[in-house]
Amino acid sequence: MSTDQLTLAPAPPSEAAEQVRLEVRQFLAEELAAGTFTTHVDTWLSGVDPGFSRKLGARGWLGMTWPKEYGGHERTAQERYAVTEELLAAGAPVAAHWIADRQSGPNLLRYGTESQRKEILPRIAAGECYFVIGMSEPDSGSDLASIRTRATRNGDGDWVVNGAKVWTSNAHHSHYGIVLVRTAPPGEGPRGKHQGLTQLLVDLSLPGITVNPIRILDGGHHFNEVVFDDVVVPGDMLLGVEGAGWQQVTAELAYERSGPERFLSTWPLLAEFGRRAAASGDPGQLAVLGRLSARALALRQLSLRIAAALDRGELPDIPAALVKDVGTTFEQDVVDEVRRVVDVPASLDSPDPLGRALAEAQLHAPGYTLRGGTNEILKGIVARGLGLR
Amino acid sequence: MASDQDLVVATVREILAGHEPFVLTAERPWDEGLWADLADAGLTGVGLPEEAGGSGGELADAVAVVRTLAAGAGAVPVAEQLLVAGPAVLAADLDLPAPEEPLTVALDGAVTAEPSDDGDGPGRFVLTGTATDVPWAGVARHVAVLAAPPAGIEGAVLAVVDAAGLDASRAVNLAGEPRGSLVLDGVGVPGALLPPAAVDLVRARAALARAVQISAALEQVLAWTVQYAGERVQFGRPLGKFQAIQVELAQMAGEVTATAALVDAAVQALDRGADTVVLAAAAAKVRAGEAVETVAKLAHQVHGAIGFTQEHRLHHLTRRCWSWRDEAGTELTWARTLGAGLVAAAPDDVWPAFTRVL
């Protein structure tokens, strides 16, 4: 049966994960009590706080699964999973380090040179070094392989990069980008455009790089346009294999798409709603809480299975696409389902925390099913897994 | 993916191959021949200990039997026997009826139990009242009945009723599976008093059994639909080459996969005796029921008019799923149970309780 590609072994239970979960919970309670952060929706995009990221690094909660020689802590994927979901559920400000810890670091571990790893990974694990994803461009969104940013070798063996990347979250706070560039013309045939693509590790402070803000609809500045104008990237900043960019991006996307942030972006809203349902005892509200929780529990099991598969060295790109499709749909549905059973208008100025959470979740909602691959693209990947294309 | 259950699955499939699903009627309300073959092979006692008369094996084996039969639309009370009534009867320290004879479970209606002896433990009770919505009423030889205990006592009495000679009213679910009532007119039967937590566990088992059946049936529905989309040609292309159809199939796959992951995890929670098993079963039942909405609807859409006919196999599974989601506690009931359970632990923050469910 063709659905085999979607089936993954269950994640083994982990005592260590439950232990670190309690430690993180305790830490977050103390930080909240001390007022170092306040809970918000979707903070893995919008909650930039380098000080907070460094605190997590100091406690060993970044780069958790990486080898110790690169500043990691050699802990399991389940332990890392517990840490990340606790941070998301609390709506903590984790955006600064999120991309670096989630996918850039693992990408460097897999494809980076020894000196790239030695130089950068310990700084990511310390919560001091932040990354952006350099994939989408002004004219290339879902059709990623159509990118036009080019890199050519100059006489010194360095790369000269020209082009522009967009939707680069928090480029204005970040140190590096892993930038997908075209280094050779596309090949023949329908998959030919996947050839000739390469990933470069780019220091965002290099001359010729301009970071322009792109404000999202509520005025928030998270996204940017990053323009490359004859940027000279040292030759040894090639990441992995020249021309293997497409395969490397595919591997990176399994990390990008499968984590708990793909169904917990709106958890702070659900938590606020839970308080409301507990206080009212209203059977209709309790039923909605139960229904949404059942969906979240299913997503969590799927996501945990993918984490375990990544830990085993597998590349579950199709299940990762599936969990992101189902998970981000859920994130949006939380807004719709909650607002149907509470008598609270959504407003950022609401005196009611539920009204504010509804407003934040609603204003960020269009992004959930777009970022990291639109749900239409994801469904196409799932359809491929079903043997349909 | 290879598993320890491959052999049992292969055996059940082999037996199923000789028993095509059929439209259930008053004259032929179940698949007696299928049951006989399963019983001969010892499959109606899987997961029940040998010393109690069962065939031995683990919960995972019993679940594999139930899943395979659900996917094959087998009209036999195996889910009730292996996952609900059998384990409940044994947990209550009651004698298990011979597994060759179908055993079902009655959870609804108004039945009261009065003790007819002075024993504290398993003893004898007189049951009076009507058990309603009894799966396989009129078919099952024995019924494990949950009855209201005498006034002033908490919990319920679980009693094992020999249904031979009892009148069963005929009512069926959307798939024609018997769901009638049993009138108990002062019947003296063996029974045991269960504390409230044990009663909750019996109901959770029933809900989880339906979730297991739904999950397996929906996987089969998806497989059939993918297969059909690959075979049916319109406009010179198989349906599965159209992006609109691919989207529908991917949506179905998302629902099926999410449901399977949750149901598997809930089964494991039951297996290890987790104290959150009632909430886990509630979540599984709610999620499975919700998946039925999308999967059955889109399966019929992709199959087109032929899938809407009685001659096509699709309805054997979609009609069952449309009923199973309402049975053993409606989705609304279980959704409330889950919601109330999550806020009960800590009204101020549902997250810790959420992470403890599974």
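Here are some worked exercises on a predicted model with chains A and B.

**Exercise 1. Work out how the length of α8(A) compares with the expected span, and find out how far it is enclosed.**

Start with the length. α8(A) has 14 residues, which at 1.5 Å a residue should span 20 Å. Now check the ends: the end C-alpha atoms are 20 Å apart, so the two values agree.

Next, look at burial. A residue counts as buried if 20 or more other C-beta atoms lie within 10 Å of its own. By that test 11 of the 14 residues are buried, so α8(A) is largely enclosed by the rest of the structure. Among them are Trp267(A), Leu270(A), Phe273(A) and Arg276(A).

Then ask what these buried residues pack against. In chain A the partners are α4, α9, α10 and α11 (353-368), and in chain B they are α9 (331-345) and α10 (351-357). Finally, step just past the helix: Gly281(A) takes a positive phi of about 65° there.

**Exercise 2. Describe α4(A), one of the helices that the buried residues of α8(A) pack against.**

Length comes first again. α4(A) runs over residues 77-89, and its 13 residues reach 18 Å from first C-alpha to last, close to the 18 Å expected. For burial, count through the helix: 13 of its 13 residues are buried, so to speak a mostly covered helix. Just after α4(A) you'll meet Gly91(A), with a positive phi of about 65°.

**Exercise 3. Find which elements of chain A touch chain B, and which gives the largest share.**

Begin with the totals: 39 residues of chain A are in contact with 43 residues of chain B. Now sort the chain A side by element. Two or more residues come from each of α8 (267-280), α9 (283-311), α10 (317-341) and α12 (375-385) of chain A. α9(A) gives the largest share, at 15 residues. Last, sort that side of chain A by class, and you get 23 nonpolar, eight polar and eight charged residues.

**Exercise 4. Locate the annotated domain on chain A and say how much of it is helix and how much is strand.**

Go to the record for the limits. UniProt, in an unreviewed entry, places "domain: Acyl-CoA dehydrogenase/oxidase C-terminal" at residues 288-386 of chain A. Then turn to the model: that span is 77% helix and 0% strand. Its end C-alpha atoms lie 32 Å apart.

**Exercise 5. Decide whether Ser104(A) is buried or exposed, and name its contacts outside the local sequence.**

First place the residue: Ser104(A) sits in helix α5 (residues 95-111) of chain A. Next, count what surrounds it. With 30 other C-beta atoms within 10 Å, Ser104(A) is buried, because the cut-off for buried is 20 or more. Now set aside neighbours within four places in sequence; the contacts left are Ile99(A), Phe131(A) and Ile178(A). For one more distance, try Ile124(A): it is 20 residues from Ser104(A) in sequence and 9.2 Å away in space, C-alpha to C-alpha.

**Exercise 6. Trace the six-stranded open sheet of chain B, then find the helix that lies across β1, β4 and β5.**

Read off the order: β1-β4-β5-β6-β3-β2, with mixed pairing. The edges are β1 (103-106) and β2 (108-115) of chain B, each pairing on one side only. From one strand to the next, the twist averages 35°.

Now zoom in on one pair. β4 (residues 142-147) and β5 (residues 156-162) of chain B are antiparallel, over six bridges. Within this pair, Val145(B) stands opposite Ala159(B) in β5(B). The helix you're after is α4 (residues 78-91) of chain B, running at about 75° to β1(B).

Technical notes. Residues numbered from 1 in each chain as written. Chains lettered and ligands numbered in written order. Predicted model: local features only at pLDDT ≥ 70, side-chain atom pairs only at ≥ 80, totals over all residues. Helix = DSSP H or I, 4+ residues; strand = E, 2+ residues; numbered from the N terminus. Expected span 1.5 Å × (residues − 1). Buried ≥ 20, exposed ≤ 12 C-beta atoms within 10 Å, placed from the backbone. Contact = placed C-beta atoms within 7 Å. Nonpolar A, V, L, I, M, F, W, Y, C, P; charged D, E, K, R; others polar. UniProt positions renumbered as here; feature names shortened; annotations may be inferred. Pairing = 2+ DSSP bridges. Axes fitted to C-alpha atoms, helices over the stretch in contact; angles between N-to-C directions.
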